[in-house]
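Good morning, and thank you for making time for this short presentation. I should like to take you through one structure, beginning with its overall form and ending with its charged pairs.

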Amino acid sequence: METKLQQLKEEALLKIKEALDTKELNDIRVKYLGKKGPITDLLKGMGKLPAEERPKMGQLVNVIREEVKSGFRRASIE
């Protein structure tokens with residue numbers, strides 16, 4: 001799961017850097033951070049993890065989400 005999170009982060013940050021305009025950035029934001037996005041899905045699936053893994057994985061998902069949001073701020077939208 002950690003590898004998947006890192007891949008999602010790298011993929012999202014790369015797409016943010018490659019975006020050509022604000023509309024494209026917004027589409028990327030919705031794709032990754034929207035209600036049906038993969039990062040949100042991971043947060044929703046936390047209940048399925050064993051209790052001892054939840055805090056660590058929850059923290060990791062939150063860090064990844066903040067790093068992606070930071071990428072949008074650097075690109076001047078959020």
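**A walk through the helices**

Before anything else, please note that this is a predicted model. As for secondary structure, the chain has four helices and zero strands. Followed along the sequence, the pattern reads α-α-α-α. The C-alpha trace spans about 40 × 20 × 15 Å along its principal axes. Of the 78 residues in the chain, 35% count as buried. If we take the contacts in the chain with a separation of 6 or more, 56% of them come from residues 24 or more positions apart.

Let me begin with helix α1, which covers residues 2–18. Its 17 residues should span 24 Å at 1.5 Å a residue, and the end C-alpha atoms are indeed 24 Å apart, in agreement with that expectation. Which residues of α1 are buried? They are L5, L8, K9, A12, L13 and I16. These residues cover an arc of only 125° around the axis, so they lie on the same side of α1. T3, Q7 and K17, on the other side of α1, are exposed. What do the buried residues of α1 pack against? Their partners are α2, α3 and α4.

We turn next to helix α2, residues 22–33. This helix has twelve residues, and the distance from its first C-alpha to its last is 16 Å, close to the 16 Å expected at 1.5 Å a residue. Buried in α2 are L25, I28, Y32 and L33. Their arc around the axis is only 95°, which means that they sit on the same side of α2. The cover over these buried residues includes α1, α3 and α4, with α3 running over residues 38–44. At the N-terminal end of α2 there is a cap provided by D21. One of the side-chain oxygens of D21 lies 3.3 Å from the backbone nitrogen of K23.

We now come to the interior. The largest nonpolar core has 20 residues, and those touching the most other members are L5, I16, I39, V68 and F72. The elements giving two or more residues to this core are α1, α2, α3 and α4. Which helix gives the most? That is α4, with six residues. To take L5 as an example, and not counting residues up to four places away in sequence, L5 touches L42, M57, L60, V61 and I64.

The remaining part of my talk concerns charge. In general, side chains of opposite charge can pair when their charged atoms come close. How many salt bridges does a search of the whole structure find? The search finds five.

One of these five joins K56 to E2, with the closest N and O atoms 3.1 Å apart. K56 lies in helix α4, residues 54–74, and E2 lies in helix α1, so this pair ties together parts that are 54 residues apart in sequence. K56 counts as exposed, at 52% relative accessibility, whereas E2 counts as partly exposed, at 36%.

Another salt bridge is found within α4, between K69 and E66, at 3.9 Å from N to O. Because K69 and E66 are three residues apart in helix α4, about one helical turn separates them. Both residues are partly exposed: K69 has a relative accessible area of 24%, and E66 has a relative accessibility of 36%.

Finally, I would ask you to look at K9, which is placed in helix α1. Is K9 buried or exposed? At 12% relative accessibility, K9 counts as buried, given that the cut-off for buried is under 20%. The side chain of K9 meets that of E10 in a salt bridge of 3.7 Å, N to O. E10, for its part, is partly exposed, with a relative accessible area of 46%. The side chains of K9 and E67 are joined by a polar contact of 2.9 Å. K9, E10 and E67 are thus linked in a network of salt bridges. Leaving aside its neighbours within four places in sequence, K9 is in contact with I64, E67 and V68. Of these contacts, V68 has already appeared among the core residues that touch the most other members, and I64 among the residues touched by L5.

Thank you for your attention.

Key: Residues are numbered from 1 along each chain as its sequence is written. This is a predicted model: local features need pLDDT of at least 70, side-chain atom pairs count only at pLDDT 80 or more; totals for chains, interfaces and linings use all residues. Side-chain values use heavy atoms; hydrogens and water are left out. A salt bridge is a side-chain nitrogen of Lys or Arg within 4 Å of a carboxyl oxygen of Asp or Glu. Buried means under 20% relative accessible area, exposed over 50%, partly exposed in between (1.4 Å probe, protein chains only). The expected span of a helix is 1.5 Å times one less than its number of residues. The arc is that of the directions from the helix axis to the C-beta atoms. Contact means heavy atoms within 4.5 Å. A polar contact is a pair of N or O atoms within 3.5 Å; within protein, one must be able to donate a hydrogen and the other to accept it, and residues adjacent in sequence count only if both atoms are side-chain atoms. A nonpolar core is a set of buried Ala, Val, Leu, Ile, Met, Phe, Trp, Tyr and Cys residues joined through side-chain atoms within 4.5 Å.
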